[in-house]
Amino acid sequence: MPEIFISNLHTWKASPENPKEKPKLEFADPLFKRRLSQVTRATIQVLHDLLEDVPEASGYKQIFTSFRGEIEREFTINRGIIEDCEILPAGFSLSVFNTPIAAATLCLGLKAGYSVIYPSKGKFSDALKGAASPVLCGAENVVVLVYADEYVPDEYGSLKPERNCGFAFACVLTATETPGAVSIDLDGASVDSADRWFQSLTNG
């Protein structure tokens with residue numbers, strides 16, 4: 001698999017003082033955003049910022065990836081099943097893996113379509129390869145990649161990630177080099193460079 005070029009990167013990260021904070025989404029309808037989680041709000045925020053910078057990206061297909069998705073909602077649902085033996089429909093409808101990108105397309109009026117990818121074995125490189133595939137095979141000239149994860153509930157204890165903080169980014173993927181783009185080789189053992197790039201973002 002050849003190299004992929006990443007450009008127009010936009011990130012959002014919760015502050016160290018308040019790792020549970022959510023983007024305010026001042027551009028969104030108050031009723032629409034009222035019940036949205038941190039991961040969904042972060043997804044909307046970075047995609048909005050990308051579209052502000054690259055308006056034509058509204059016509060690009062989006063690919064969303066996350067290691068944990070709506071983990072706080074899922075935890076709340078699981079606790080409700082254990083304690084009350086019931087699931088509230090409203091909570092369940094917002095807990096599925098594609099909730100963040102689906103909400104983003106509604107909020108921002110996007111109609112190009114989206115896909116979701118779960119990173120196999122906790123490796124970002126697997127998600128990047130999946131996202132890059134339609135570009136590298138020529139099915140698409142360009143796609144938008146969106147990643148987001150939220151704060152893991154305190155109840156997870158030692159299972160929580162070392163850097164437990166809401167974080168998201170959106171970027172453009174192309175098979176040809178563009179000014180200021182980052183090149184990542186996806187061939188063979190070189191996929192480790194994708195994971196290193198991702199770690200540099202999350203640690204920054």
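In the predicted model, K13 of strand β1 has F167 as its bridge partner in β5, and this pair belongs to an antiparallel arrangement in which β1 (residues 3–13) and β5 are joined over seven bridges. The two strands are neighbours in an open sheet of six strands, ordered β3-β2-β4-β5-β1-β6 and mixed in its pairing. The edges of the sheet are occupied by β3 and β6 (182–185), each of which has a single partner strand, so that one side of each is left without a neighbour in the sheet. Averaged over neighbouring strands, and with direction ignored, the turn of one strand against the next is 30°.

These strands are part of a chain that contains seven helices and six strands, arranged along the sequence in the pattern β-α-α-β-α-α-α-β-α-β-β-β-α. Of the 204 residues in the chain, 47% are buried. When contacts between residues at least 6 apart in sequence are considered, 74% of them join residues at least 24 apart.

Strand β2 (residues 61–65) pairs with two strands of the sheet, β4 and β3. With β4 (residues 142–149) it runs parallel and is joined by five bridges, and within this pairing T65 has Y147 as its bridge partner. With β3 (residues 114–117) the pairing is likewise in the parallel sense, over four bridges, and here the bridge partner of F64 is V116. Strand β2 is mostly covered, with four of its five residues buried.

The loop between α2 and β2 contains Y60, which counts as buried because its relative accessibility is 19%, under the 20% limit. Although Y60 and V143 are separated by 83 residues in sequence, their C-alpha atoms lie 5.4 Å apart in space. Apart from its neighbours within four places in sequence, Y60 is in contact with A112, V142, V143 and V144. The last of these, V144, has its own set of contacts beyond four places in sequence, namely L47, L50, A57, Y60, K61, Q62, I63 and C171.

The largest nonpolar core comprises 29 residues, among which L47, L50, V144 and V146 touch the most other members. Two or more residues are given to this core by each of α2 (38–53), α5 (99–108), β4 and β5 (167–174), with α2 giving the most, at seven residues. A second, separate core of 24 residues includes V143, Y147, C171 and W197. The assignment of V144 to the largest core and of V143 to the second may be set beside the general expectation for a strand. In a regular strand, side chains alternate between the two faces of the sheet.

Helix α5, one of the elements that contribute to the largest core, is mostly covered, eight of its 10 residues being buried. The buried residues of α5 are T99, P100, I101, A102, A103, A104, T105 and L108. For T105, which is found in this helix, the relative accessibility is 11%, and the residue therefore counts as buried. Leaving aside neighbours within four places in sequence, the contacts of T105 are with Q62, L110 and Y114. Just after α5, G109 adopts a positive phi of about 70°.

A further packing arrangement involves two helices, α6 and α7. Two packed helices are described by the angle between their axes and the distance between the axes. For α6 (residues 124–136) and α7 (residues 192–203), the axes come within 8 Å and cross at roughly 110°, which means that α6 is roughly perpendicular to α7. The contact is formed by F124, S125 and L128 on the side of α6, and by A194, D195, W197 and F198 on the side of α7. These residues divide into five that are nonpolar, one that is polar and one that is charged. One of the α7 residues in this contact, W197, also appears among the members of the second core.

Notes. Residues are numbered from 1 along each chain as its sequence is written. This is a predicted model: local features need pLDDT of at least 70, side-chain atom pairs count only at pLDDT 80 or more; totals for chains, interfaces and linings use all residues. Side-chain values use heavy atoms; hydrogens and water are left out. Buried means under 20% relative accessible area, exposed over 50%, partly exposed in between (1.4 Å probe, protein chains only). Two strands pair if DSSP finds at least two bridges between them. Axes are lines fitted to C-alpha atoms, for helices over the stretch in contact, and angles run from 0 to 180 degrees between N-to-C directions. Angles under 35 degrees count as roughly parallel, over 145 as roughly antiparallel, 65 to 115 as roughly perpendicular and the rest as oblique. Contact means heavy atoms within 4.5 Å. Ala, Val, Leu, Ile, Met, Phe, Trp, Tyr, Cys and Pro count as nonpolar, Asp, Glu, Lys and Arg as charged, and the others, Gly among them, as polar. A nonpolar core is a set of buried Ala, Val, Leu, Ile, Met, Phe, Trp, Tyr and Cys residues joined through side-chain atoms within 4.5 Å.
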